[in-house]
Amino acid sequence: MTLDALIAGVGAWFATALPDHGIYALMAFAFIAGLARGFSGFGAALIFIPLGGAIVGPKLISPILLVIDGIAALGMIPSAWRGANRPEVFVMAAGAALGVPAGTAILALLDPLLLRWSITIIAICLLALVSGWRYHGEPSAPLTCGIGLIAGLFSGTAQLGGPPVVAYWLGGKSDFTRVRANVVLYFSISSVFSAISYYVGGLFVPAVFALTAVILPSYAVGLYGGSKLFGLAEERTFRIACYILIAAAAIIGMPLLDGVLR
């Protein structure tokens, strides 16, 4: 096969796999989501899933985020490994190993419109959780595993497992730096569970990889920028900005407002 034929074949594959609308919007949403993720360790799904799901549907946008976040966040893992409370992270990941397959089954089987409404409601509830409530009791292995189970269920369904984990860990004695490391390490593990479950569920269709190739650079730039802001920007200010973005994404991503994004 000649180089010209190979280029033509790749171009034809992209033309077939990519949607005919919304690509630039997805790139913009990915950048904003990456910015939040890079700074705080969470928030990407709460921004990207409702908005992206309004354009290409929840069954496509969830595996896209899984792939782009898994690739782009690889550079965050070494420092997270050094800074995290690894035994506690592993206990929580054990719960996720049970929750992720159940969430994936919901994603694969539930009606797309009903799934989008469910994601909108969950995103709003999780925003209230992560912006206000904190667990202030003593952590225990059963409770940590249970939080992992719930987070895994949300991750498998819509990659929305961050808020329960963050609310649980932020209420303890660990500082924000340790919490961020815990979150990054935990999701590097739970993402492996999600990848296996999504593969078994047949969710890795060609459009996932075509859109990943297009969106990944924007997400990676946002992730890098957010990581650089961590330690430079005032934590409270950036948190408030993230909460506003998440709330806006949940509202704009509602099925009733599809005309806004299409």
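Start by selecting Y198, F204 and F209: ring pairs link these residues into a cluster. Keep in mind that you're looking at a predicted model. The whole structure holds four aromatic pairs. One to pull up right away is W81 with F90, a pair that counts as tilted because the ring centres sit 6.1 Å apart and the planes meet at 50°. Neither ring is hidden away: W81 is partly exposed at 42% relative accessible area, and F90 is partly exposed at 39%.

Now go back to the cluster and zoom in on F204 and F209. Their rings also make a tilted pair, with 5.8 Å from centre to centre and 40° between the planes. F204 is partly exposed, with a relative accessible area of 22%; that value is over the 20% under which a residue would count as buried. F209 is partly exposed too, at 41%.

**Zoom out**

Show the whole chain as a cartoon. You'll find 13 helices and zero strands, so colouring by element gives you α after α from the N terminus on. Of the 262 residues, 48% count as buried. Take the contacts between residues at least 6 apart in sequence, and 86% of them join residues at least 24 apart.

**Helix α3 and F48**

Next, select residues 44-56, which make up helix α3. Its 13 residues reach 17 Å from first C-alpha to last, close to the 18 Å expected at 1.5 Å a residue. How much of α3 is buried? It's 13 of the 13 residues, so the helix is largely enclosed by the rest of the structure. Step just past the end of α3 and you'll meet G57, which takes a positive phi of about 95°.

Stay here and pick F48. In the largest nonpolar core, which has 63 residues, F48 is among the five that touch the most other members, along with I64, W169, Y186 and Y219. Nonpolar side chains tend to be buried together in soluble globular proteins. Show what surrounds F48, skipping neighbours within four places in sequence, and its contacts come up as L26, F29, A30, A33, G53, I61, I64, L65, I68 and I215.

**Helix α4: I64 and D69**

Follow that contact list to I64, in helix α4. I64 counts as buried, at 0% relative accessibility. Leaving out residues up to four places away, I64 touches F48, V208, L211, T212 and I215. For a distance to check in your viewer, try I64 to I49: they're 15 residues apart in sequence and 9.5 Å apart in space, C-alpha to C-alpha.

Slide along to D69, also found in α4, which covers residues 58-72. D69 is buried, with a relative accessible area of 11%. So what does the D69 side chain make a polar contact with? The partner is the side chain of Y219, at 2.4 Å. Beyond its neighbours within four places in sequence, D69 is in contact with R37 and Y219. While you have Y219 on screen, recall that it is one of the core residues touching the most other members.

**Helix α9**

Jump to residues 162-170, helix α9. Nine of its nine residues are buried, so α9 is largely enclosed by the rest of the structure. Label them as you go: G162, P163, P164, V165, V166, A167, Y168, W169 and L170. W169 should ring a bell from the list of core residues that touch the most other members.

**Helix α6 and its kink**

Now select residues 86-109 for helix α6. Its 24 residues reach 34 Å from the first C-alpha to the last, close to the 34 Å expected at 1.5 Å a residue. Where does α6 kink? Look at A97, where there's a kink of about 30°, shortly before the proline P101. Then colour the buried residues of α6: E88, V89, M92, A93, G95, A96, G99, V100, G103, T104 and L107.

**Last stop: Y24**

Finish at Y24, in helix α2, residues 23-40. Is Y24 buried or exposed? It's exposed, with a relative accessible area of 72%. Draw one more distance, from Y24 to V214: they are 190 residues apart along the chain, yet their C-alpha atoms are separated by 9.3 Å.

Notes:
Residues are numbered from 1 along each chain as its sequence is written. This is a predicted model: local features need pLDDT of at least 70, side-chain atom pairs count only at pLDDT 80 or more; totals for chains, interfaces and linings use all residues. Side-chain values use heavy atoms; hydrogens and water are left out. A nonpolar core is a set of buried Ala, Val, Leu, Ile, Met, Phe, Trp, Tyr and Cys residues joined through side-chain atoms within 4.5 Å. Buried means under 20% relative accessible area, exposed over 50%, partly exposed in between (1.4 Å probe, protein chains only). Contact means heavy atoms within 4.5 Å. Rings of Phe, Tyr and Trp (its six-membered ring) pair if their centres lie within 6.5 Å; planes under 30 degrees apart count as stacked, over 60 as edge-to-face and the rest as tilted. Helices (H or I, at least four residues) and strands (E, at least two) are DSSP runs, numbered from the N terminus. The expected span of a helix is 1.5 Å times one less than its number of residues. The bend at a residue is the angle between axes fitted to the seven residues ending there and the seven starting there. A polar contact is a pair of N or O atoms within 3.5 Å; within protein, one must be able to donate a hydrogen and the other to accept it, and residues adjacent in sequence count only if both atoms are side-chain atoms.
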